[in-house]
Amino acid sequence: MKNREIADIFDRMADLMEILGDDHFRINSYRKMARALSDLAEPVENLARDGKLQDLPGIGKSAAEKIQQYLSAGRIDKYEELLAKVPPKLPELLGVPGLGPKTTAKLWKQAGITSVEELRKAIETGDGRLINVEGLGPTKIRNIWQSLNFLTSIGGRIRLGEADALAGPMLAHLAQAKGVQQALAAGSLRRGKETIGDIDILCQAPQSAAEAIIKHFTDSPGVQKVLAGGKTRGSVVLAGAVQADLRVVPAECFGAALSYFTGSKEHNVRLREIAITKGLKFNEYGLFKGDERVAGRNEREIYAALGMQYVPPELRENRGEIEAARSGKLPDLLEAADIRGDMHIHTTASDGLNSIEEMIQACQDRGYQYMAICEHSKSQVQAGGLDEKRLAEHVQAIRKAAKKFPKMLVLAGVEVDIFKDGHLDFMADVLAELDFVVASCHSALAMPADEATARLVKAIETPHVRCIGHPTGRMINSRPGFEIDIDKVASAAAANNVALEVNAHWMRLDLRDIHVRAAVNRGAKIIISTDSHSIDDLDNMKYGVLTARRGWATPADVINSWPKKKLQAWLKEK
DNA sequence: GCCGTTTTCGGCCCGACTGTTTTCAGTCG
């Protein structure tokens, strides 16, 4: 699957065109193409084969030809032409905060700088080259210098759970400032995206209090560096080199600002375009007819005034939610409160930190009606995987412990390993004794897409298997995991009445959002599980719910939102 | 380069903050 690869090339072409000063509308359309390709769950090769490339939003004749050329010849002429016009390492300058295409072009043409390393040397040695660059004074040079040092210390986007942990204390700190009526996380954190670039916080307060609140924010304990502080917004760097931005707005604009700063950018652009067709103007202060504000206090009245359903933040990615909302066809998404159980929990019997009873109690404390304890199987030696004998003893221990919790349905399960060729770590007669079987891959996690797909399909077709755990095996920001043909996997899952896991741990979130959507579209069922190895891990469920919502999942799609009786009936179906 | 419920041509989102060319360009979100 070459989706990501081709998307990157379109993004790089856009970068090059920006430096060369090309028409910015054209550049924007290249960005849209890159986005369409990276949002695509199925292999772009399939669309190309079926002549359906132009069905993708923003992909026209010319882009389709470029994609076809890449797939058949491994190159895109236009990209090669652009590369020939610009020094190879110049585009990396665009990644330096504060450096955009205009300044990058000037550094190149007026100072002969062609890479980040050369820029660093030019500043370090003070060789005088930068003096010739117009628009570049001492302050800007100092800021660029700091950005260069900042760059070497950060690893890019942080994971959802990490951002959430940073935002929580900051929100609590802000709530103590005088005049604050409410403070919420906006941006990709509110949308529940798997990684977060920076933390956006929106605060409702009277205008008169704004400046003091921003000061309160920039003076916060965790702040390492203040990047900006004005009358309506402030910007800081937190521990771990994470940027956090704050905006303070009065109540009459809060909804407009929340919508604006929640994004996504692509969703917002569409909203503004719709506003224009209705003779309105939409900005972060409200929805305006001339000078009159027709909406802005909350998001719902804005969507209503634009003639569409309220769009939940998780769907705001311009992946079809605008059209659905305009025709009243948005799904009734799963809610966190719908979750009735956790179906993938470890205990001290394998590599968990808490006992059976502690985990049952913790699930009961969270209001669950059912749960499944699923330890590793014998080949997971490093994780204390259970062999047949220990597994049988463990089942007895679970049954015994469960008697102390009559209200909780405790399933004795297993997380059985799927080997490289798709066969399992336990024989069918062992699996038959269990209430619930999750099958997962823990080894050979780098294999070609067709082999990985076949491996999962074989496991799905195996008797007694009811769920595939963390189907791609990816670890966000550290391991890509399998590329799979999600349509094939989901179709097999639907046909065999096997669920696909959304692993709720913020390091996994696997299935990921676009896979959930493809799976649901194919009629596959989802189980959102925390794969908990401790009591605290149980609280990761919220990240799995966010991911499922981003995949347009409804309660009907998510088995562990079903009532206990319906779950028990489903368990008997295979 | 894409796109069409005022369209196949003429559009294509909006404002804050910063530093510098002291009236605005560049960058960012």
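The following legends describe close-up views of a predicted model in which a protein is placed with DNA strand B.

**Figure 1. Protein surface around DNA strand B.** DNA strand B is surrounded by 51 residues, and the closest of them are Gly98, Thr103, Gly135, Gly137 and Arg272. Sorted by character, the residues of this surface comprise 17 nonpolar, 15 polar and 19 charged. At least two residues each come from helix H2 (24–39), helix H4 (61–73), helix H6 (101–111), helix H8 (138–153), strand S5 (223–229), helix H13 (265–277) and strand S8 (281–283). On the DNA side, 76% of the strand B atoms within 4 Å of the protein belong to sugar or phosphate, and the rest belong to bases.

**Figure 2. Polar atoms of side chains beside DNA strand B.** The side chain of Thr103 places an N or O atom 2.4 Å from a phosphate oxygen of DNA strand B. For Tyr30, the distance from a side-chain N or O atom to a phosphate oxygen of the strand is 2.9 Å. Lys265 is paired with a base instead: an N or O atom in the side chain of Lys265 is 3.2 Å from a base nitrogen of DNA strand B.

**Figure 3. Hairpin of strands S5 and S6.** Strand S5, which supplies at least two residues of the surface near DNA strand B, forms a hairpin with strand S6 (residues 233–238). Between the two strands lie 3 residues. S5 and S6 run antiparallel and are joined by 5 bridges. One bridge links Ala228 with Ser235 in S6.

**Figure 4. Surroundings of Arg316.** Arg316 is located in the loop that lies between helix H14 (299–305) and helix H15 (321–326). Because its relative accessibility is 0%, Arg316 counts as buried. Leaving aside residues up to four places away in sequence, Arg316 touches Arg190, Arg191, Ser259, Thr262, Gly263, Ser264, His267, Glu299, Tyr303, Tyr310, Val311 and Glu321.

**Figure 5. Open parallel sheet of 7 strands.** The strands follow the order S11-S12-S13-S14-S15-S16-S17, with parallel pairing. Strand S11 (341–345) and strand S17 (526–529) stand at the edges with a single partner strand each, so one side of each has no neighbour in the sheet. On average, and with direction ignored, neighbouring strands of this sheet are turned by 30° against each other.

**Figure 6. Strand pairing and helix packing on the open sheet.** Strand S13 (residues 409–417) and strand S14 (residues 436–440) run parallel and are joined by 5 bridges. Among the bridge partners, Val416 is matched with Ala439 in S14. Helix H17 (residues 388–402) packs on the sheet and touches S12 and S13, with its direction at about 160° to that of S13. Helix H16 (residues 356–365) lies across S11, strand S12 (370–376) and S13, and runs at about 145° to S12.

**Figure 7. Covered helix H22.** Helix H22 (residues 541–550) is mostly covered, with 9 of its 10 residues buried. The buried residues are Met541, Tyr543, Gly544, Val545, Leu546, Thr547, Ala548, Arg549 and Arg550. They pack against helix H9 (160–175), strand S16 (499–503), helix H21 (513–521) and the strands S11 and S17. After H22 comes Trp552, which has a positive phi near 65°.

Terms used: Residues numbered from 1 in each chain as written. Chains lettered and ligands numbered in written order. Predicted model: local features only at pLDDT ≥ 70, side-chain atom pairs only at ≥ 80, totals over all residues. Heavy atoms only, no water. Near = heavy atom within 4 Å. Polar contact = N/O pair within 3.5 Å; in protein donor to acceptor, adjacent residues only side chain to side chain. Helix = DSSP H or I, 4+ residues; strand = E, 2+ residues; numbered from the N terminus. Nonpolar A, V, L, I, M, F, W, Y, C, P; charged D, E, K, R; others polar. Pairing = 2+ DSSP bridges. Axes fitted to C-alpha atoms, helices over the stretch in contact; angles between N-to-C directions. Contact = heavy atoms within 4.5 Å. Buried < 20%, exposed > 50% of the residue type's maximum accessible area, 1.4 Å probe, protein only.
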